[in-house]
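Biologist: I would like to learn how to read a few features of a model from its coordinates. Could we go through them one by one?

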Amino acid sequence: MSAVPFPGVLPVDRAGFRRRLALTATALASGLAAVVSLVCFVVLTVALALLPVVAGGVALLGLVPLAARLTGLHRRLTGRLLQADLTASYDRAREADPVRRLGRWARDNTRWRDFSYLAFDGTGGLVMSGIVVVLAGAPFFYLTAPLTLGDPIWWWLLPVAGLAAGLWWLLTPILLRARFTAGAAVLGWSPVAALEQEVSRVAASRAETVDSAAAELRRIERDLHDGVQARIASLGMNLGLAEVLMREDPAAAEELVTEARRATTSVLEDLRTVVRGMHPPVLADRGLDGAVQALALDVAVPVTVATALPGRAPAPVESAVYFAVAEALANVVKHSGATRAWVQLAHRDGVLTALVGDDGQGGADPGRGTGLAGITRRLGAFDGTLQLVSPAGGPTTLRMEVPCALSSSRTPPSSGTA
């Protein structure tokens, strides 16, 4: 992470005039917010100075939560601009006694970070935002001053308008990047910390993937041992008995052979079931959209499928998304009480999206059961994400996103299929 990205809102390259206007609007909004931060910081400082007096403690009981809410707004804004996770980790323990509550707050490093951020935002942050706003307004002032003020000296100062415009163009991205990066650092975020967090997340995802793969192998082994292998062993015993009875009781031997022939059909079906659990043939033949359409036909509730995939995703991604959709539809049937469901598949900006929804009772909770956790682990192996929206009364929507590239044609991608 060599530089802090500001995609769309805070570009670090020399964008265009409209981008600079957007940056100036951001600077103006953050400057106004910085004034509020300055006021809150001053009031908090006075309350801390008056802490030995009862009034100071009473003021802090109201001001500290207010500062947390104000800083929370800044965390969300800065997090969006930096594409970083700035979630606060407050000490959530509840204390009924006001004195103990103040003591717990005093030991909470996150609240001291809030206090430090208010100090930075109301001073350095305000100055950096103010410089951008002043540089943006200076050209208009120097261009209109000769006409509005009437003093001839303003005609000689017209070149300052061009200088201010040039400085505004050059310094605006730099100042705002510095402003929000410094603010994020005060709040406890840094590019190095973000990289370490990403490495930890990838390591955890890899460990979960390894565990999931091991569990899947054990399931396949169990299915083969308890199902197919037992049926084949029984088939071999019947054929052996038929061989013994061939001369003594041909009719009984013929009956055993006929039973064995019928058993082979059942064994083949068991094998196909195991194979489908590993990689469905329809997924290899028709791709993700065709496989999901086939899957929807076997669901107990009506399912509408809408797809917009111009190509094929890598085979492992197709398999992960397919089984995630299958698990989501199974949850619809088991728990939602829905009368209909829908699946939407799309690929945009390098992200494969699968949306599964239903008109059921809602109230789905990821903490109950293992289905959603399994989907999260399955998608996490490919840096995928899972978002659940399930208000009481419904509808429920499950949004799964996996970053990947599609092949240019409808043929299977070069990664191959199982």
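Biologist: Where in helix 2 is the kink centred?

Modeller: Before that, note that this is a predicted model, in which local features need pLDDT of at least 70 and side-chain atom pairs count only at pLDDT 80 or more, while totals for chains, interfaces and linings use all residues. Residues are numbered from 1 along each chain as its sequence is written, and side-chain values use heavy atoms, with hydrogens and water left out. Helices (H or I, at least four residues) and strands (E, at least two) are DSSP runs numbered from the N terminus. The bend at a residue is the angle between axes fitted to the seven residues ending there and the seven starting there; in helix 2 a kink of about 30° is centred on Leu60.

Biologist: Which residue follows helix 2, and what is its phi?

Modeller: Gln83 follows helix 2, and its phi is positive, near 55°.

Biologist: How are the strands of the sheet ordered?

Modeller: Strands of a sheet pair through backbone hydrogen bonds, either parallel or antiparallel. Here two strands pair if DSSP finds at least two bridges between them, and five strands form an open sheet in the order 1-2-3-5-4 with mixed pairing. The edge strands, each pairing on one side only, are strand 1 (303–308) and strand 4 (385–389). Strand 4 pairs with strand 5 in the antiparallel sense over five bridges, and Gln387 has Arg399 in strand 5 as its bridge partner.

Biologist: What is Val325 in contact with, leaving aside its neighbours within four places in sequence?

Modeller: With contact meaning heavy atoms within 4.5 Å, the partners of Val325 include Val292, Val343 and Met400.
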